[in-house]
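Here are a few exercises to work through with the model open in your viewer. Try each task before you read its solution.

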Amino acid sequence: MESLDVDVVLRRTVDAAVSLLDALDGAIVLFDRRRGLADRVTHVAGSASRGPLADLDSSDLTPLTGVEREHRRAGISADDVPEFLAVPLRSHGEAYGALYLTGSSAAPFTPDDEEMIVALAGTAAVALENSRLYEELRRQLRWSTALTEVSSALLSEDVSDAVGVVLARVGTVVAAAVISVVVPDPDSDLLLIHTARGSGAERFEGRRYERRGSLVDRALRSGRVVLSPAGTASISVEAEMGPSMVLPVVVAGESICALALSRSRGTPSFTADDVDMAAEFATQVGLAIELIRARGDRHRVELAEERSRIARDLHDHVIQRLFGTGLSLQAIAARFPQAEGALIEQVDAIDGAIDEIRTAVFALTSRRRASTGSARHRILDVVSEMSDSLRVSPQLTFRGPVDLMLTGTVADDVIAVVRECLANVARHAGSDVTTVTVSVDQRSVEVVVTDDGVGVSPDAVRRSGTGNLTDRARRRGGDFTLGCAEEGGTRAIWRARLVEERSRV
């Protein structure tokens, strides 16, 4: 037997046994040594087109302890087997497989036949052991190569699909038709197939299915590998496949998702060696997810540092240069009274630019805070939140001691006003440019929201939202007006007094 391929050796061994004994049919079963379950079945028909072993149910078979002539004691459940002979395949004294033969009552197996088959089984056991060792060596080589490729890919800065890289390498080691990463859907009691690789994987990627009763749910709850032979998984993607294996993926001590491998129907179940190798790749998936998170954290840190640098440059250089330019223009205006009006207008424009830059600096250096944060932070959060509903992010400007004067319930009112005004712009204006200005002095607060949209119709009916804005203003001794802006579009102005609020603080 010059070939070292296990399947070739198995078929030749069965074929030789059937021919030597002129048997009806024969089969060899190899067992998973650690689990004691049938791992691989090879069947060859002899003088009959379909013998008793044609529908061999491997799930009931167990390793033999010696030569067996009674088919039921060997785990063969066929009703009518006139003649039966089974011999174990041994390696180093341990039975790891069995050779089964069936014959007819007209030509029963003789002691010489039994002796011949025992000798053949001994020879075949040596050949099979060599084939298994060769196959294991090749698999370990593929495993080592795949893990090296995964490690190199994950360390590369160019890899954008770290999880996909791992899944692609799993298929080179553990034979599976579809390999996927399944995550719990945070918004429902469903599972989401986040990433899938393999034959027809596009049918599965992005699919959601019931979590309860699935292999993935069992794996996530138990934190252990879950195996299913063909046809036993009644729910999920596994139901459309053959034997399936699911391994929990652990990140920071928590099972956050699962690595699912499924074979085609009619193919052998996964072995203990397959489980070991898949478990190693499940660990790699966990590392890939941790790596993605770490890169995201690093990107956010780098972005924050870059924003801080830009903010410092704007504050230390741009604002100071503008401020100096304004002072110079004021000095020129004092020397040339005839140009004073035009120069003062330019000074006012520079002051406005400085206010806008200071707002931008504040936004760059601020972090999101809870509603208990400063008024300036809360207004920034609202504007950022509403930006998704607008075509372009609003331009926000603060004037005066906003954080000092806007506290307590008056700050809550201002936040509500900004949110409602921007919501109205998003719903009705269809604008490209929106500005929000919050101005505060010792006695009052003013919020002005303008847009360049369609404007306000004279026949427009006052809605509940703008009515609420009016009520809020009147309760604080102020007013709310909504009308057309001079340059087109709409201008909303909300004013309130601060004296009462400050007196209670």
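**Exercise 1. How many residues lie between S5 and S6 in their hairpin, and how many bridges join the two strands?**

Solution. This is a predicted model, so keep that in mind as you go. Start with the strand limits: S5 covers residues 178-184 and S6 covers residues 190-198. The hairpin they form has 5 residues between its strands. Next, look at the pairing: S5 and S6 run antiparallel and are joined by 7 bridges. To check the register, find valine 181, which sits opposite threonine 195 in S6.

**Exercise 2. Extend the hairpin into its sheet: what is the strand order, and which strands are at the edges?**

Solution. Step one is to go outward from S6. S7 pairs with S6 in the antiparallel sense, over 3 bridges, and leucine 190 has glutamate 210 of S7 opposite.

Step two is to look at S8 and S9. S9 takes in residues 244-251, and its antiparallel pairing with S8 has 3 bridges. Valine 226 has valine 246 in S9 as its bridge partner.

Step three puts the whole order together: S7-S6-S5-S10-S9-S8, an open sheet of 6 strands with antiparallel pairing. Strands S7 (208-210) and S8 (226-228) pair on one side only, which makes them the edge strands. From one strand to the next, the twist averages 30 degrees.

**Exercise 3. Is valine 166 buried or exposed, and how far is its C-alpha from that of valine 285?**

Solution. First place the residue: valine 166 belongs to helix H3, residues 162-170. Then take its relative accessible area, which is 0%, so valine 166 counts as buried; the cut-off for buried is under 20%. Finally, turn to valine 285. The two valines are 119 residues apart in sequence, yet their C-alpha atoms are 6.4 Å apart in space.

**Exercise 4. Which residues touch the most other members of the largest nonpolar core, and which element gives the most to it?**

Solution. The largest nonpolar core has 35 residues, and Leu406, Val438, Val445 and Trp494 touch the most other members. Now sort by element. Those giving two or more residues include helices H7 (375-386) and H10 (464-475), along with strands S12 (434-440), S13 (444-451) and S15 (490-497). H9 gives the most, with 10 residues.

Zoom in on valine 445 next. Setting aside neighbours within four places in sequence, its contacts include Leu406, Val414, Val438 and Trp494. Don't stop there, though: a second, separate core has 27 residues, among them Leu247, Val275, Met277 and Phe281.

**Exercise 5. Cysteines 421 and 484: which is buried, which is exposed, and how many disulfides does the whole structure hold?**

Solution. Cysteine 421 has 5% relative accessibility, so it counts as buried. Cysteine 484 is at 55%, so it counts as exposed; the cut-off for exposed is over 50%. As for disulfides, a search of the whole structure turns up 0.

**Exercise 6. Zoom out: what do the totals for the chain look like?**

Solution. Count the elements: the chain has 11 helices and 15 strands. Then take burial, where 43% of the 505 residues count as buried. The exposed area is about 26500 Å², with carbon and sulfur atoms supplying 50% of it. Last come the contacts: among those in the chain with a separation of 6 or more, 58% are between residues 24 or more positions apart.

Technical notes
Residues numbered from 1 in each chain as written. Predicted model: local features only at pLDDT ≥ 70, side-chain atom pairs only at ≥ 80, totals over all residues. Heavy atoms only, no water. Disulfide = S-S within 2.5 Å. Buried < 20%, exposed > 50% of the residue type's maximum accessible area, 1.4 Å probe, protein only. Pairing = 2+ DSSP bridges. Helix = DSSP H or I, 4+ residues; strand = E, 2+ residues; numbered from the N terminus. Axes fitted to C-alpha atoms, helices over the stretch in contact; angles between N-to-C directions. Core = buried A, V, L, I, M, F, W, Y, C linked by side-chain atoms within 4.5 Å. Contact = heavy atoms within 4.5 Å. Areas by Shrake-Rupley, 256 points an atom, 1.4 Å probe, with all protein chains shown as cover.
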